[in-house]
Structures are given as C-alpha cells and as structure tokens.
Amino acid sequence: MAWRPHGKARVSARNPQAWAVCDRCYDLRNLVDLQWQFEWAGNKLVNQRILVCDRCLDIPQQQLMSRVLSADPIPVKNPRPCNWSANEEGGYVTTPYALTELDANEMNEAIAIEDDPIQQPS
Ligand SMILES: [Zn+2]
C-alpha cells in the first residue's frame, strides 16, 4: 500500500482536516493553518488573496501606508517676515523702499536747480 507524503499536514481519523498548499513555499499543510496575506494600500490593509503558512507570512510594510497630514495652520494678518535677502547682501533695510546712492544724487541735483534761479530751465 502506497502512502502519500503529507509534509507538515496533520492527519487524524477523529478530527479530519483539509490539506492545502502554501501559495509561497508550496509546503503541504492543513488549510486551517494557512492565513491570508495582507498588505497596506492607502490607509487600510488589503487582502492579497494568497494563503500562506506561518513561516511565509509577511508583516505588512508600513511604508506603503499613506500618511494623513494635519491641516496647515491658519495664516496671520499683516505678517512681517524677516528680509533675509537684504541681510545676505550686507545691508539692513528698515523701510520697504530705501534710496540708492544714485537716487540721492539725482534728488540733490533737482533741489539745487530749484534753489538756483540762474540754472533754472526756461
Ligand atoms: Zn509557506
């Protein structure tokens, strides 16, 4: 009489159980010992529809889970951020518009023309 190899499946005449093959290692086991493989997809676990033994069962990879970020903070009115670009150039600007040296020279010339009646254009 030939006996089929039954791998790691248990055989019982009083409590018969179905045999099954693991979908990953093809090991012969009892169907009740196999588990569904789950994997993260989005914000929930999804059944991969493969039955695996306890040795082949993977822990769901958390990097596949999507993170739920909290809402952005409410913006403030009249913000006054630092002027980092002016600081990097070496100057510190206290007003939104600062006169350049060229602008100051032009302004002084215009004042000088207004004060001197001889140089006034006709
Ligand atoms: Zn297996």
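**Exercise 1. Place Tyr-26 in the chain and work out whether Tyr-26 is buried or exposed.**

Start with the location: Tyr-26 sits in the loop that links β1 (19-21) to β2 (28-30). Strands here are DSSP runs of E with at least two residues, helices are runs of H or I with at least four, and both are numbered from the N terminus. Keep in mind that this is a predicted model, where local features need pLDDT of at least 70, side-chain atom pairs count only at pLDDT 80 or more, and totals for chains, interfaces and linings use all residues. Residue numbers start from 1 along each chain as its sequence is written.

Next, the backbone: Tyr-26 isn't a glycine, yet its phi is positive, about 60°. Most residues other than glycine have a negative phi.

Last, burial. A residue is buried with 20 or more other C-beta atoms within 10 Å of its own, exposed with 12 or fewer, and partly exposed in between, with C-beta atoms placed from the backbone. Tyr-26 has 10 other C-beta atoms within 10 Å, so Tyr-26 is exposed.

**Exercise 2. Do the same for Asn-78: which loop holds it, and is it buried or exposed?**

Asn-78 belongs to the loop between β4 (44-52) and α1 (84-89). Its phi is positive too, about 50°, and Asn-78 is not a glycine either. Now count neighbours: Asn-78 has 4 C-beta neighbours inside 10 Å, so it's exposed.

**Exercise 3. Describe how β3 and β4 pair up.**

First, the direction: β3 (residues 35-41) and β4 run antiparallel, joined by 6 bridges. For two strands to pair, DSSP has to find at least two bridges between them. Then pick out partners: Ala-41 bridges to Lys-44 in β4, and Trp-40 stands opposite Leu-45 of that strand. Finally, look at the turn: the two strands make a hairpin with 2 residues between them, and Gly-42 in that turn has a positive phi of about 75°.

**Exercise 4. Find the surroundings of Glu-39: what is it in contact with, beyond its neighbours within four places in sequence?**

Glu-39 is in strand β3. Two residues are in contact if their C-beta atoms, placed from the backbone, lie within 7 Å. Leaving out neighbours within four places in sequence, the contacts of Glu-39 are Leu-45, Val-46, Gln-48, Pro-60, Gln-61 and Leu-64. Ile-59 is 20 residues away along the chain, with a C-alpha separation from Glu-39 of 7.9 Å. As for burial, Glu-39 has 14 other C-beta atoms within 10 Å, so call it partly exposed.

**Exercise 5. Zoom out: how many helices and strands does the chain have, and what share of its residues is buried?**

Count the elements: 2 helices and 4 strands. Read from the N terminus, their order is β-β-β-β-α-α. Of the 122 residues, 3% are buried. For contacts between residues at least 6 apart in sequence, 22% join residues at least 24 apart.
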